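Biologist: Could you take me through the aromatic rings in this model, and what surrounds them? I would enjoy a close look at that one part, with enough of the rest to place it.

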Amino acid sequence: MEGEIEKKAAAMAEEAGKKVAADGDVSLKELSKKLNDFAKERDWEQYHSPRNLLLAMIAEVGELSELFMWKGEVRKGLADWDEAEKEHLGEELSDVLLYLIRLSDICGVDLGDAATRKIVKNAVKYPAPSKEGA
């Protein structure tokens with residue numbers, strides 16, 4: 001089944017006229033367009049209220065949390081995880097990201113712009129320690 005999913009994903013990317021980058025570099029706007037098209041093609045827009053999308057995202061965060069439950073502290077890079085666990089993690093992280101992007105679109109928030117402004121605001125609020133003598 002995994003091979004079938006990969007074939008469908010490649011076909012969808014080709015159909016869209018875009019080659020999927022090997023490094024996975026894709027913009028929030030591209031993902032937003034794909035999500036919007038996906039919802040329209042299935043007539044799901046009627047269900048995509050801010051509340052419904054938020055609740056769906058929270059459910060996905062719960063599924064993401066389950067992957068870490070009972071593992072204790074997990075080392076950076078997930079050296080102790082097998083490939084199937086890492087793939088599952090990628091799927092759950094993607095679910096959360098996709099719902100977040102869809103929610104921001106439905107709410108009229110430019111997520112990339114909002115995140116950039118938030119990083120600047122946090123830099124002012126939490127300045128880096130000065131490097132004396134540098």
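Modeller: Happily! Buried residues make up 15% of the 134 residues in this chain, and please keep in mind that the model is predicted. The chain has 5 helices and 0 strands, so its elements read α-α-α-α-α from the N terminus on. Among the contacts with a separation of 6 or more, 65% are between residues 24 or more positions apart.

Now to the rings. How many aromatic pairs does the model hold? The count comes to 2. One of them joins Phe-38 and Trp-44, with 5.5 Å from centre to centre and 70° between the planes. Because an angle over 60 degrees counts as edge-to-face, the Phe-38 and Trp-44 pair gets that label. Both partners are partly exposed: Phe-38 has a relative accessible area of 33%, and Trp-44 has one of 39%.

The other pair is made by Phe-68 and Trp-81, whose ring centres are 5.1 Å apart. Their planes meet at 50°, so this pair is tilted. It links distant parts of the chain, with the two positions 13 residues apart: Phe-68 belongs to helix α3 (residues 50–68), while Trp-81 sits in the loop between α3 and α4 (83–106). Are these two rings buried or exposed? Phe-68 is partly exposed at 34% relative accessibility, whereas Trp-81 is buried, because its relative accessible area is 8% and the cut-off for buried is under 20%.

Each pair also has a charged neighbour. At the Phe-38 and Trp-44 pair, the charged end of Arg-42 sits over the ring of Phe-38, 3.5 Å from the centre of that ring. At the Phe-68 and Trp-81 pair, Lys-71 lies over the face of Trp-81, and here the distance to the ring centre is 4.8 Å.

To place the rings, let us turn to the helices. Helix α2 covers residues 28–41 and packs against α4, with an angle of about 85° and 10 Å between the axes. The two helices are therefore roughly perpendicular to each other. On the α2 side, the contact is made by Leu-28, Leu-31, Ser-32, Leu-35, Asn-36 and Ala-39. On the α4 side, their partners are Leu-97, Leu-98, Ile-101, Arg-102 and Asp-105. By type, the residues of this contact divide into 7 nonpolar, 2 polar and 2 charged.

Helix α4 also holds Leu-100, which is partly exposed with a relative accessible area of 34%. Leaving aside residues up to four places away in sequence, Leu-100 touches Met-57 and Leu-111. The C-alpha atoms of Leu-100 and Leu-54 are separated by 7.8 Å, although these residues lie 46 residues apart along the chain.

One last stop is helix α5 (residues 111–125), where you will find Ala-114. Ala-114 is partly exposed, with a relative accessible area of 23%. Between its C-alpha atom and that of Ser-104, 10 residues away along the chain, the separation is 9.9 Å.

To come back to your rings: the edge-to-face pair of Phe-38 and Trp-44 has Arg-42 over Phe-38, and the tilted pair of Phe-68 and Trp-81 has Lys-71 over Trp-81.

Technical notes
Residues numbered from 1 in each chain as written. Predicted model: local features only at pLDDT ≥ 70, side-chain atom pairs only at ≥ 80, totals over all residues. Heavy atoms only, no water. Phe/Tyr/Trp six-rings, centres within 6.5 Å; stacked < 30°, edge-to-face > 60°. Buried < 20%, exposed > 50% of the residue type's maximum accessible area, 1.4 Å probe, protein only. Helix = DSSP H or I, 4+ residues; strand = E, 2+ residues; numbered from the N terminus. Lys NZ or Arg CZ within 6 Å of the ring centre and 35° of its normal. Axes fitted to C-alpha atoms, helices over the stretch in contact; angles between N-to-C directions. Parallel < 35°, antiparallel > 145°, perpendicular 65-115°, else oblique. Contact = heavy atoms within 4.5 Å. Nonpolar A, V, L, I, M, F, W, Y, C, P; charged D, E, K, R; others polar.
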